[in-house]
Amino acid sequence: MSSFIKSLFFAVVLFMSTIVRAQLVVPEIFSDNMVLQRDKPVPVWGKASPGHAVSVVFGGNSQTAKADESGQWKVMLPPMPANAVPQNMTVQGESVIVFTNILVGDVWLCSGQSNMQYALDRSLSPFLGPAKGPDVAALEVKAAKPEGVRYIMVDRVLNKYPKLPTKGWKTGEDSMVRYGSAIGYFFAKEINSKMNVPIGVITSAWGGTRIEPWVPEAAWAGSPVFKDSVKGEQFTIHGAKPATMYKGMISPMVPFAIKGVLWYQGESNVMTNDQETYSEKFRLLVDSWRKLFNDADMPFYYVQLAPYKYSARKPNKEDLLAYYWEAQTSSLSLKNTGMVVTTDLVDKLTDIHPSYKWEVAHRLALTALGNVYQQKDIVYSGPLYSSSKRKKKAVEIRFAHIGGGLASSDGKPLSWFTIAGEDGVFVPADAVIKGKKLVVSSASVKKPLFVRFAWSENAQPNFANKEGLPAVPFRTDAIPYKN
C-alpha cells in the first residue's frame, strides 16, 4: 500500500471515528411537544462517547452526568410542579440537542390490545363497530383539540429495538392525533379539563395480543405459578413467547417518568382457557411495570371485558367470560388498581369492539379523579359485591360503591340474577332493592345458598347505582358463605 493510500485510509478512519464520538443520542420518547411528569424526579438518559460529560438544562435546573464505558449516561431532573407554559430542554455533550414546546403535567401510558388501540378516528380503525345515537368520536375528530394535551403513538413494530418506533410527541393540531387511542384521548381531555393540568398520552397497544408478550421475561421466574415454565433463555407461557411487545414497544421508553397506566386487554386470553391463571399474569404485569418505571405505587387502571360471544369462536364452545370477569375483579386486591365495567356498553354481542370508547374513558377518568386526584364526592365504581347472608327463603346481599343508592338503570325489574341451593343448580331469580341491600329469591328454591349475577358472556344487566355505573358481575359460591 502506497504512503498516499495509507494516509488517505487513516484520514478516513479518523474522520469516521470523530463522527462516532460526536454522536449524542437521546431516546425517541423525548421530542418536541412532550409532557414531562410533574412532582417526580425526571430521568433523562442516552448515549455519548465514553467518558464525556453531558448536561441537561430544563426549567431552571441543570444536571450533568458522565457517559460510562459503554457510552450510557443518565441525569435526574428534580421534581417540578405542573406548568402549562411551553419550555425548551437543552441536552449538551459533544453536540447539542434542543427540544421545544415542552409542558409539565401528568403522563399516562395506554396499553393493551385492540380496544385500547381503537383509534379516535373510527374511520381509520379496522375495528369499526356500530354506534347508537350520536357518534361522539366522529364529532371529536373534527373538533378543536385541547391545548394542554399532548400525544405520542408507538408504532406496532418490533424490529427497531432498542429504538422506540414512534414519530414523536404531537400537539392536537397534528393530524396524527386521529390515529391515537380513543380511550386515551377522551381520558386526557376530561382530566385536563377538570384538573387544569397538562396531560401526556402514550399509546402503545397492539390488537390481538395476549398479556404474556407485554410482561418482561425476568418477571416469570419469580412467579410461584410460572417459575417451572422458565427454562433457559427461550421459553413460552401457555404457548406464547413472553416479552415480545414489551421489548419492542415498552422497554425503549423505560424509565421515562409517568403518572400511571390505563390497560384494556384480555380478549385474546379468553380464547386460551387460562381463566385460572390470568390474574397471576396480570399481577406480574402490574408489579414489573411499576418496578421498571420506578414507582411501587403507580396507579394501574383497567377495563373489564365487555360481553361478547366468545364461545362461538372457541374450539370447546365453553362460556368462560364470567370467570375472566372474576379474575379481573380479584385484581382489585392489588394496591392502587381500579376497574371499570362495560356490561352496558355493547350494542351487538357479535362485536368484540364496542364503540363507546368515550364512556369507557369517562369511567377511567372518574376512577383517576376519585383516587389519584382526590376529588371529593366522586362516585367512580358501580356496586361491588361485599357480603351475602341467607335470610329465610332469600339471600341478602350487600355492596360497596353504592353511591347515591342501588338502582335499575332502565326502571325495569333487575335482570341476570340466578340462585341455587345445596344442589348447585342455578335458576333465574328475582332481585329486589331493599335500602342498601338486595334481596334475591326464587319460588323454586326453598333453601337458597348461592347467588350469581351476570354470570354469562351474554349478560347485559340493568343493575347499577343511581349514578348510572353498572354493577360488577359476581358469584357468592366462590367465597366462603356466611350463615
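**Close-up views of a predicted chain**

Of the 483 residues in this chain, 55% count as buried. Keep in mind that everything here comes from a predicted model.

**View 1. The whole chain, before we zoom in.** Start with the parts list: the chain has ten helices and 23 strands. Stretch a box around the C-alpha trace along its principal axes and you get about 105 × 50 × 40 Å. How does the radius of gyration fit with a compact globule? A compact globule of 483 residues would come out near 23 Å, and the chain has 26 Å, so the two agree. Now think about who touches whom: among contacts with a separation of 6 or more, 72% join residues that sit 24 or more positions apart.

**View 2. The surface and its charges.** The accessible surface adds up to about 21400 Å², and carbon and sulfur atoms own 53% of that. As for charged side chains, count 55 positive and 42 negative ones. The centres of these two sets lie 3 Å apart.

**View 3. Helix 9, mostly under cover.** Helix 9 takes in residues 321-330, and seven of its ten residues are buried. Which ones are they? The buried residues are Leu-321, Ala-322, Tyr-324, Trp-325, Ala-327, Gln-328 and Thr-329. Two helices are among the elements they pack against: helix 7 (267-270) and helix 8 (278-292). They also pack against strand 12 (300-303), strand 13 (337-340) and strand 14 (384-391).

**View 4. Asp-135, just ahead of helix 3.** Find Asp-135 in the loop between helix 2 (114-117) and helix 3 (136-142). Is Asp-135 buried or exposed? The cut-off for buried is under 20% relative accessible area, and Asp-135 has 17%, so Asp-135 counts as buried. A polar atom of the Asp-135 side chain lies 3.2 Å from the backbone nitrogen of Ala-137. Look further along the sequence, past the neighbours within four places, and Asp-135 is in contact with Arg-122 and Trp-358.

**View 5. Two cis bonds, each leading into a proline.** Here's some background for this view and the next: most peptide bonds are trans, and most residues other than glycine have a negative phi. The bond from Tyr-161 to Pro-162 is cis, with omega near 10°. You'll find Pro-162 in the loop between strand 8 (149-154) and strand 9 (166-170). The bond from Val-254 to Pro-255 is cis too, with omega near 10°. Pro-255 has its place in the loop that runs between helix 6 (244-250) and strand 11 (260-264).

**View 6. Ala-243, a positive phi in a loop.** Ala-243 isn't a glycine, yet its phi is positive, near 75°. Where is this residue? Ala-243 lies in the loop between helix 5 (217-221) and helix 6. With a relative accessibility of 8%, Ala-243 counts as buried.

**View 7. His-401, a positive phi with some exposure.** His-401 is a residue other than glycine with a positive phi, this time near 60°. The loop that holds His-401 links strand 15 (394-400) and strand 16 (406-408). How much of His-401 is accessible? The relative accessible area is 31%, so His-401 is partly exposed.

Terms used:
Residues are numbered from 1 along each chain as its sequence is written. This is a predicted model: local features need pLDDT of at least 70, side-chain atom pairs count only at pLDDT 80 or more; totals for chains, interfaces and linings use all residues. Side-chain values use heavy atoms; hydrogens and water are left out. Helices (H or I, at least four residues) and strands (E, at least two) are DSSP runs, numbered from the N terminus. Buried means under 20% relative accessible area, exposed over 50%, partly exposed in between (1.4 Å probe, protein chains only). The radius of gyration is taken over C-alpha atoms; the globule rule is 2.2 Å times the number of residues to the power 0.38. Contact means heavy atoms within 4.5 Å. Accessible areas come from the Shrake-Rupley method with a 1.4 Å probe; for residues, only the protein chains shown count as cover. Lys and Arg count as positive and Asp and Glu as negative; His and the chain ends are not counted. The place of a charge is taken as NZ of Lys, CZ of Arg, CG of Asp or CD of Glu. A polar contact is a pair of N or O atoms within 3.5 Å; within protein, one must be able to donate a hydrogen and the other to accept it, and residues adjacent in sequence count only if both atoms are side-chain atoms.
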